[in-house]
Amino acid sequence: MSYQIGGSVGIQRFDEDTADVFPGQAGNTNLLFQRLNAVGNPLGATALTQHVGQETTSIGFSAYGRMEYAVSEKTTVGAGARLDGAADWFEGTAFLFLRQALGGSLYGSDE
C-alpha cells in the first residue's frame, strides 16, 4: 500500500473594476434602464446598468490525499480526494482508479 498527502496555504487577492452591463453600447444600457424603471413595472425591479466592482483579499488553501493498494504485480486500485478554496469559492473532487501495467510490472521488475 502507498499513499500521498499534501497541501498548501497562501494569500489570494483580486480586484474587479466596475463595468457596464452593455459595454460600449450606451443605447442598450439606456433602454434597459427605461424598461426596468418603467411606471407600473409589475416586479418593481430597479435598473442594474453596471456590474459593481469589488476588491477581495483572503486566505486560499489546497489539500489532497491519495491511497493506492497493489492487488498484484501488474494491478493496483486506489482512491483520492482534493479540496481547494479561497474567499467565497470552494471546490472538492474525489476519485477512484484502477491501474494496470500492459507490459512488465508496475514496480519496475519484469516477471
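A residue is called buried when its relative accessible area is under 20%, exposed when that area is over 50%, and partly exposed in between. In the predicted model described here, D84 has a relative accessibility of 13% and therefore counts as buried. Its salt-bridge partner is R82, with the closest N and O atoms of the two residues 3.2 Å apart. R82 has a relative accessible area of 36%, so this residue is partly exposed. Across the chain of 111 residues, buried residues make up 15%.

The secondary structure consists of one helix and six strands. Along the sequence these elements follow the pattern β-β-α-β-β-β-β. Strand β4 covers residues 54-70 and strand β1 covers residues 2-16. These two strands pair in the antiparallel sense, over 15 bridges. Within this pairing, Y3 stands opposite M67 in β4. Strand β5, residues 75-86, also runs antiparallel to β4, and 11 bridges join the two. Here G65 stands opposite A81 in β5. The connection from β4 to β5 is a hairpin of four residues. In a regular strand, side chains alternate between the two faces of the sheet.

Four salt bridges are present in the structure. One of them joins R13 and E55, whose closest N and O atoms are 2.9 Å apart. This pair links distant parts of the chain, since R13 belongs to strand β1 and E55 to strand β4, 42 residues apart. E55 has a relative accessibility of 53% and so counts as exposed. Another salt bridge is formed by R66 and E68, with 3.8 Å between the closest N and O atoms. R66, at 31% relative accessibility, counts as partly exposed, whereas E68, at 11%, counts as buried. R66 and E68 are also linked with R99 in a network of salt bridges. In general, side chains of opposite charge can pair when their charged atoms come close.

E68 lies in strand β4 and takes part in a further interaction. The side chains of E68 and T76 are joined by a polar contact of 2.8 Å. The buried residue E68 thus has a salt bridge to R66 as well as this polar contact to T76.

Two aromatic pairs are found in the structure. In one of them, F61 and F90 are arranged in a tilted manner, with 6.3 Å from centre to centre and 35° between the planes. F61 lies in strand β4 and F90 in strand β6, residues 89-100, so the pair ties together parts that are 29 residues apart in sequence. F61 counts as partly exposed because its relative accessibility is 34%. F90 has a relative accessible area of 54% and is therefore exposed.

A nonpolar patch of about 950 Å² lies on the surface. The residues that make this patch are M1, Y3, I5, M67, Y69, V71, V77 and L98. Strands β1 and β4 each supply at least two residues of the patch. Y3 lies in strand β1 and, at 66% relative accessibility, counts as exposed. Y3 and M67, which stand opposite each other in the β1 and β4 pairing, are both among the patch residues.

Notes:
Residues are numbered from 1 along each chain as its sequence is written. This is a predicted model: local features need pLDDT of at least 70, side-chain atom pairs count only at pLDDT 80 or more; totals for chains, interfaces and linings use all residues. Side-chain values use heavy atoms; hydrogens and water are left out. Patches are made of residues with over 30% relative accessible area and no salt bridge: like charges are joined within 9 Å, nonpolar side chains (Val, Leu, Ile, Met, Phe, Trp, Tyr) within 5 Å. Accessible areas come from the Shrake-Rupley method with a 1.4 Å probe; for residues, only the protein chains shown count as cover. A salt bridge is a side-chain nitrogen of Lys or Arg within 4 Å of a carboxyl oxygen of Asp or Glu. Buried means under 20% relative accessible area, exposed over 50%, partly exposed in between (1.4 Å probe, protein chains only). Rings of Phe, Tyr and Trp (its six-membered ring) pair if their centres lie within 6.5 Å; planes under 30 degrees apart count as stacked, over 60 as edge-to-face and the rest as tilted. Two strands pair if DSSP finds at least two bridges between them. A polar contact is a pair of N or O atoms within 3.5 Å; within protein, one must be able to donate a hydrogen and the other to accept it, and residues adjacent in sequence count only if both atoms are side-chain atoms.
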